[in-house]
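Open the structure in your viewer and keep the selection tool at hand. This tour goes from stop to stop, saying what to select and what is there.

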Amino acid sequence: MRLLAAHSAEMEEVAACAVAIARALGADHAVASARASAGVRVTAREGATDTALRDARQGLTLTVYRGARAGTASTAALDAAAVRRAAEEAFALAGRVSEDPEGLPPDLDQMAVDTPSPPLDAPADLDISALRAMALRGDALIRAARPGPGIGVETVAAGASSSEVATAMATSTGFRRGQLATVHNIWAVALARDASGAANDSAESVDRRFNALDSIETLAARAAEGAAGRLGARAVVTHTGPVIFEARVATALVGALVAALSGASQNRGATFLPGVLGQAAAADHLDLTEDPSEPYGLASGAFDSEGVAGRRRAILNAGVVEGYFLRTRSARQLGMVSTGNADGPWNLRLSSRAPGGSLDALRRLMGRGLVVTRLMGGAADPITGNWTYAVAGSWIENGETVHAVTDVTVGGNLKDMLRAIVAVGDDTHRAGAIRTGSILIDGLRIGGLG
Amino acid sequence: MTADAMTTFEAVRERILTPAGLDLPDLSRALGASATAGSRLADLFFESKRSRTFRLEDGRVVGGSFQIDQGVGARLARGAQVAFAHSAALNPPALATLAEAVRALDGGEGGQVSVSPAAPTGGHQLYPAIDLDAAGDAAAWIAILDTVDRRARAADPRIVRVNAFLRIVDQAILVADLDGRVAADMRPTAQLFVDVVAESGGRRARGQAGLGGRHGAADLSEDRLAAMIAKAVGMAIVNLDARPAPTGTMPIVLGPGYPGVLFHEAVGHGLEGDHHRKKLSAFDGKLGQRIAAPGVTVVDDGAVPGSIGSLGVDDEGAPGQRTTLIEDGVLTGLLQDRLNAGLMNMRPTGNGRRQSYAHLPMPRMTNTFLVGGRDDPVDIVASVKDGLYATGFGGGQVDIVTGRFNFSTTQAWMIENGRLTAPVDGATLIGVGHEALKHISMVGDDPRLDEGVASCSKQGQHLDVAVGQPTIRIDQMMVGGAAS
């Protein structure tokens, strides 16, 4: 049985109804998106359920155009009175703001009226007791883990969740499409203790298909071993040298590149890569590809929130920038056309033409240096590209892990860092839209002792 | 600025319950129907939130939005186990379904409970109830953004871009629980942010500032606007000449206001009751012990008039109040919500907060700050031979298990022989809470809260908070920059 009672057809109806009300008020044009979601989520610790949650949300967002002026309103209630109120508010707002011709929605011929929809919907048919059993199993596995002598392991949380969402969009130009999607998630967070103190780590798996998730056994073991591996961490001396960003933190570096290549950043001059189209911005062995059509991809879709389709394309080709991430407004400001990225990037994959092999192989390649397994927090200046982060990880000598590391910072400039990427591992990790392996970069400033 | 409990309750009832065909007896019935024999706690949280935003880009206000969100969250706790469900639909059948859903999630046995509602609470003198529907015209708010744009551009010819954002929220809440407590509150929020880019000789730099509080747009006064613009423009201009920050352990001086985010991260999070109940905090077992230098007193005060973190009542109906976390260097208090206070046999401290009706309450900070001391800020800077002076930060993080925190500068200078010299770009400062606090050697006489721009994220829930401190000197802290 589905968790979600509503279907995308009902959401299409809500969106179309909002558009009709806006038109009746006198709007020249209107765009509406409606959404309903339902989910269940259970967490466990110490042999018992910690939280059991049932989630149900809905919402409508309506943008109304009067000439080149736009007003937006949204409502969580979807009854006729609430939709009317939203339409009236949006219409009134559109009468107050300035003209923004570049902000007008795309024409119908630029919209994804009949592009194929990638499959995104895989209901798990799991009830709360099945999720509860999985969370309790994760908790038991964490507590039973014996990652090393003298190390005790506790559960911070083990959990499982399943959710379904129906979305739809309608415009006054006649565009009308909906989509169903699912997301399932299981996770394990472990705390390890020994005579030196305590440390935690987490492992998580997210997928649109429940049976494609990593097993709870794998996640519990990874969290327990990860937490144990952080025990006894200490700083290293201040120096300049190579750093491996383990795959699950390397996604943040790809994220910084994506932000720099967004149309909004390019237009505002809030990027360390201004006007970089056609120029080299990263090491010449690197490719970054985007694919909106991957079946069950976490960032797949037939169209963005402006109704524009993305396409499979190269963002980096041998280190050269071949495309920006554009919505209609920023595209017009740059004299280009939308790339269908109004909601951010579609599925991205970073790869190297000189594959770096496993994480072990990267460690051997580096020989001596720092592996970063956690980015705690820091500063990334989008304009200058200056980047400093507090990190934790491990210290490598002769390709082998010597001890856990904490209380250090890593600093550099993103412009230089992208060019200084030596290798990308095949230990691919996916976080939302981004897939990358571990990344080895030379010449970073490591701040620690002395 | 007073909100009488009965008047507030009546206003919230008219806004949320009456249009839904609900009244207090329906709430009592739903609470009674959801509870099971072992229920320690059950509550219903009703919320209606309206917000307006306006966005200025390139000299024009082109984005305007209105949002209305409302619903009810139902929570049921048995021991430490919590069941929770919520509904955006507000009507008697939806409330009955919600009570059944949360009871099914709980899985407990046992009969219905009878609930008798007590007189509503929630009166306070912290902020006025503002009705956004009647709170002035869009034209007035657009005019504020136009003023910000004009003044920022006029302030310095090197300012090439100005973006600004105005957000006005009116939130009405009503909470009713199994013990018969009923409390209501109406919470206004107004916030304004400006983001500028300066350009000179091929270099570009960013400056940001903002202001906010629990008040209407009318309180965005001329003086506050002028100070905000001067701050953003000043930051961008200074940072045009910034050089990469150094790396190493050094004495640091932190300016007053927002740099108090240090105490939010290094102290506040580690003293939230849920982390203590689960024995996850590095401060676990340290109550009554000295964890900071004498002269260091840190409080969380939910009852600062007009401040963005203040609460007449929290989201569980407990009054906003002042809790001393560290008194003259000794750890004295925890931040509690009802669930964790109950399980730890302690008292709630008015820190039960939630992002919305669709989220569970947790112990959260309100306005958290280091209390002022006796030192002159000028003397504090003059006392440092080689170090860093920072007045702007871009937020921070903490790992509560180890107590390790970090936060990053947005505006900082080198101190050489007691004088400020070159500005430096973003440096990341790191430390361990209970160790760093022992190195605080000077506490200034200039305490203040930040301008109303801070926010806090915990387990995915975002809330407005305030942070604050006077100028302080920390004798040694690890500074990580990009300079080699």
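**Stop 1: the two domains of chain A**

Select residues 8-229 of chain A for domain 1, then 239-447 for domain 2; these bounds come from the domain assignment. Keep in mind that this is a predicted model. The C-alpha centres of the two domains of chain A lie 24 Å apart. Where they touch, domain 1 of chain A puts in 24 residues and domain 2 of chain A puts in 21.

Now highlight strand S4 (152-171) and strand S5 (176-194) of chain A. Each supplies at least two residues of the side of domain 1 that touches domain 2. Colour that side of domain 1 of chain A by class: 12 residues are nonpolar, 8 are polar and 4 are charged.

**Stop 2: chain A as a whole**

Zoom out to all of chain A. Switch to a cartoon view and you can look for 9 helices and 18 strands. The radius of gyration of chain A is 24 Å, close to the 22 Å that the globule rule gives for 450 residues, so chain A is as compact as a globular protein of that length. Turn the chain along its principal axes: the C-alpha atoms of chain A fill a box of roughly 70 × 55 × 35 Å.

How many of the 450 residues of chain A count as buried? The share is 58%. Contacts in chain A also reach along the sequence: of those with a separation of 6 or more, 73% come from residues 24 or more positions apart.

**Stop 3: where chain A meets chain B**

Show both chains. Here 57 residues of chain A are in contact with 56 residues of chain B. Several elements of chain A each supply at least two residues to this side, among them helix H2 (80-94), strand S6 (197-207) and strand S14 (400-413). Which element of chain A gives the most to the side that touches chain B? Select S2(A), which gives 10 residues. By class, the side of chain A that touches chain B holds 22 nonpolar, 25 polar and 10 charged residues.

Stay on S2(A), which runs over residues 48-66. Add strand S3 of chain B, residues 81-87. The two strands pair in the parallel sense over 4 bridges. For one pair to inspect, pick Arg54(A): it stands opposite Ala85(B) in S3(B).

**Stop 4: an open sheet in chain B**

Hide chain A. Select six strands of chain B in the order S10-S9-S8-S13-S22-S19. These 6 strands form an open sheet with mixed pairing. Strand S10 (330-331) and strand S19 (448-449) of chain B stand at the edges; each has a single partner strand, so one side of each is left without a neighbour in the sheet.

Next, pick out S13 (residues 367-370) and S22 (residues 466-469) of chain B, which pair in the parallel sense over 3 bridges. Click Phe369(B): its bridge partner in S22(B) is Gly468(B).

Now add helix H6 of chain B, residues 261-268. H6(B) packs on the sheet and touches S8, S9, S13 and S22 of chain B. Its direction makes about 100 degrees with that of S13(B). Are the residues of H6(B) buried or exposed? The count is 8 of 8 buried, so H6(B) is largely enclosed by the rest of the structure. Step along the helix to see them, including Val261(B), Phe263(B), His264(B) and Glu265(B).

**Stop 5: the two domains of chain B**

Select residues 5-240 of chain B for domain 1 and 248-480 for domain 2, as the domain assignment has them. Their C-alpha centres lie 23 Å apart. The contact takes 41 residues from domain 1 of chain B and 29 from domain 2 of chain B.

Among the elements giving two or more residues to the domain 1 side are strand S1 (41-57), strand S4 (159-177) and helix H5 (222-240) of chain B. The largest share of that side comes from S2(B), with 6 residues. The domain 1 side has 18 nonpolar, 14 polar and 9 charged residues.

**Stop 6: chain B as a whole**

Zoom out once more. Chain B has 10 helices and 23 strands. Its C-alpha trace spans about 75 × 55 × 35 Å along the principal axes. Of the 484 residues in chain B, 59% are buried. Among contacts in chain B between residues at least 6 apart in sequence, 77% join residues at least 24 apart.

Technical notes:
Residues numbered from 1 in each chain as written. Chains lettered and ligands numbered in written order. Predicted model: local features only at pLDDT ≥ 70, side-chain atom pairs only at ≥ 80, totals over all residues. Domains from an automatic or database assignment. Contact = placed C-beta atoms within 7 Å. Nonpolar A, V, L, I, M, F, W, Y, C, P; charged D, E, K, R; others polar. Rg over C-alpha atoms; globule rule 2.2 N^0.38 Å. Buried ≥ 20, exposed ≤ 12 C-beta atoms within 10 Å, placed from the backbone. Pairing = 2+ DSSP bridges. Axes fitted to C-alpha atoms, helices over the stretch in contact; angles between N-to-C directions.
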